[in-house]
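Q: Please take a close look at one part of this model. I would like a single residue placed first, then its surroundings, then the wider fold.

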Amino acid sequence: CAGSAMAQACSAPPESIESQKTPHQRAMAEPAQKKARTEGYALNINAAVDKEWEAKSFREIAAAPVEALQGIGPKGKEQLEKLKITTVKDLADWKYFKVAQAIAILAPKETAGQRHADTQLNMNKAMDKAHETKSLTEILDLPPSALQGLAEWTDKALGELGITNISKLAEFKYAHWAQSICTLADHESADFASK
């Protein structure tokens with residue numbers, strides 16, 4: 001460290017050296033640091049998100065508009081907005097998808113005609129009154145509006161997305177992707193640190 005300016009820089013605390021860098025130098029250093037942290041990682045969800053979201057974190061994607069999911073275009077966005085679903089997280093947390101998914105998962109475990117006389121099982125808070133006594137298998141074939149809280153107009157909106165019954169609501173791939181993204185966002189480390 002020769003010369004007075006250089007000697008000052010060498011003896012200066014590290015934070016003041018950083019502050020002496022030009023904004024361009026700082027901007028150039030940041031991508032290099034980020035690249036060093038991500039080097040060696042292979043995981044990606046490129047086939048589930050639009051190109052502009054491929055380099056984002058799970059947390060950023062979870063907070064993103066629902067159309068960040070690859071395949072949800074303006075028409076899909078419009079239908080989902082009618083249902084008050086505007087972000088990926090909204091879709092992941094949508095209670096009607098969760099109820100439909102639970103019904104679909106348990107329906108194969110139902111034994112036809114074998115309900116125990118004392119069974120207390122019911123889903124009355126999830127179903128319209130007219131459908132409360134039906135089997136899980138029968139419920140899967142009902143329109144989404146059979147779920148308590150979904151008006152009949154939602155059948156048309158969901159129909160535009162290819163969802164014509166509760167079974168198809170349970171299979172809605174975009175909701176599955178959203179749910180998976182949000183689950184993994186909870187396990188993401190912002191600084192790439194391991195536990």
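A: Start with Gln 101, which sits in helix H7. The model is predicted. Gln 101 has a relative accessible area of 16%. The cut-off for buried is under 20%, so Gln 101 counts as buried. Which residues does Gln 101 touch, once neighbours within four places in sequence are left aside? They are Ala 170, His 176 and Gln 179.

Two of these partners lead to a helix pair. His 176 and Gln 179 belong to the H11 side of the contact between H7 and H11. Ala 175 is the other H11 residue there. From H7 come Phe 97, Lys 98 and Gln 101. By class, this contact holds two nonpolar, three polar and one charged residues.

Now the geometry. Two packed helices are described by the angle between their axes and the distance between the axes. For H7 and H11 the angle is about 100°. Their axes lie 11 Å apart. Angles of 65 to 115 degrees count as roughly perpendicular, and H7 and H11 are therefore roughly perpendicular to each other.

H11 also matters for the next topic, the core. The largest nonpolar core has 42 residues. Leu 69, Leu 91, Trp 94, Met 127, Leu 147 and Ile 166 touch the most other members. Several helices supply at least two residues each, among them H7 (95–106) and H11 (173–185). H4 (58–63), H6 (88–92), H8 (136–140) and H10 (166–170) do so too. H11 gives the largest share, six residues.

Take Leu 91 from that core. Leaving aside its neighbours within four places in sequence, Leu 91 is in contact with Val 66, Leu 69, Ile 85 and Phe 172, among others. Tyr 174, Ala 175 and Ala 178 are also on its contact list. Ala 175 appears again in the contact of H11 with H7.

Next, Lys 173, another residue of H11. Lys 173 is partly exposed, with a relative accessible area of 43%. Its C-alpha atom is 9.7 Å from that of Ala 48. Along the chain, these two residues are 125 apart.

Follow the chain on from H7. Pro 108 lies in the loop between H7 and H8. Is Pro 108 buried or exposed? Its relative accessibility is 61%, so Pro 108 counts as exposed. The C-alpha atoms of Pro 108 and Leu 136 are 8.6 Å apart, with their positions 28 residues apart along the chain.

H5 (residues 74–82) offers another view of burial. Its buried residues are Gly 76, Gln 79 and Leu 80. Seen down the axis of H5, they fall within an arc of 95°, so they line one face of the helix. An α-helix has 3.6 residues a turn, so residues three or four places apart point the same way. The cover over the buried residues of H5 includes helix H9 (153–159). After H5 comes Lys 84, with a positive phi near 65°.

Finally, the whole protein. There are 11 helices and zero strands. Of its 195 residues, 29% are buried. Among contacts between residues at least 6 apart in sequence, 51% join residues at least 24 apart.

Key: Residues are numbered from 1 along each chain as its sequence is written. This is a predicted model: local features need pLDDT of at least 70, side-chain atom pairs count only at pLDDT 80 or more; totals for chains, interfaces and linings use all residues. Side-chain values use heavy atoms; hydrogens and water are left out. A nonpolar core is a set of buried Ala, Val, Leu, Ile, Met, Phe, Trp, Tyr and Cys residues joined through side-chain atoms within 4.5 Å. Buried means under 20% relative accessible area, exposed over 50%, partly exposed in between (1.4 Å probe, protein chains only). Helices (H or I, at least four residues) and strands (E, at least two) are DSSP runs, numbered from the N terminus. Contact means heavy atoms within 4.5 Å. Axes are lines fitted to C-alpha atoms, for helices over the stretch in contact, and angles run from 0 to 180 degrees between N-to-C directions. Angles under 35 degrees count as roughly parallel, over 145 as roughly antiparallel, 65 to 115 as roughly perpendicular and the rest as oblique. Ala, Val, Leu, Ile, Met, Phe, Trp, Tyr, Cys and Pro count as nonpolar, Asp, Glu, Lys and Arg as charged, and the others, Gly among them, as polar. The arc is that of the directions from the helix axis to the C-beta atoms.
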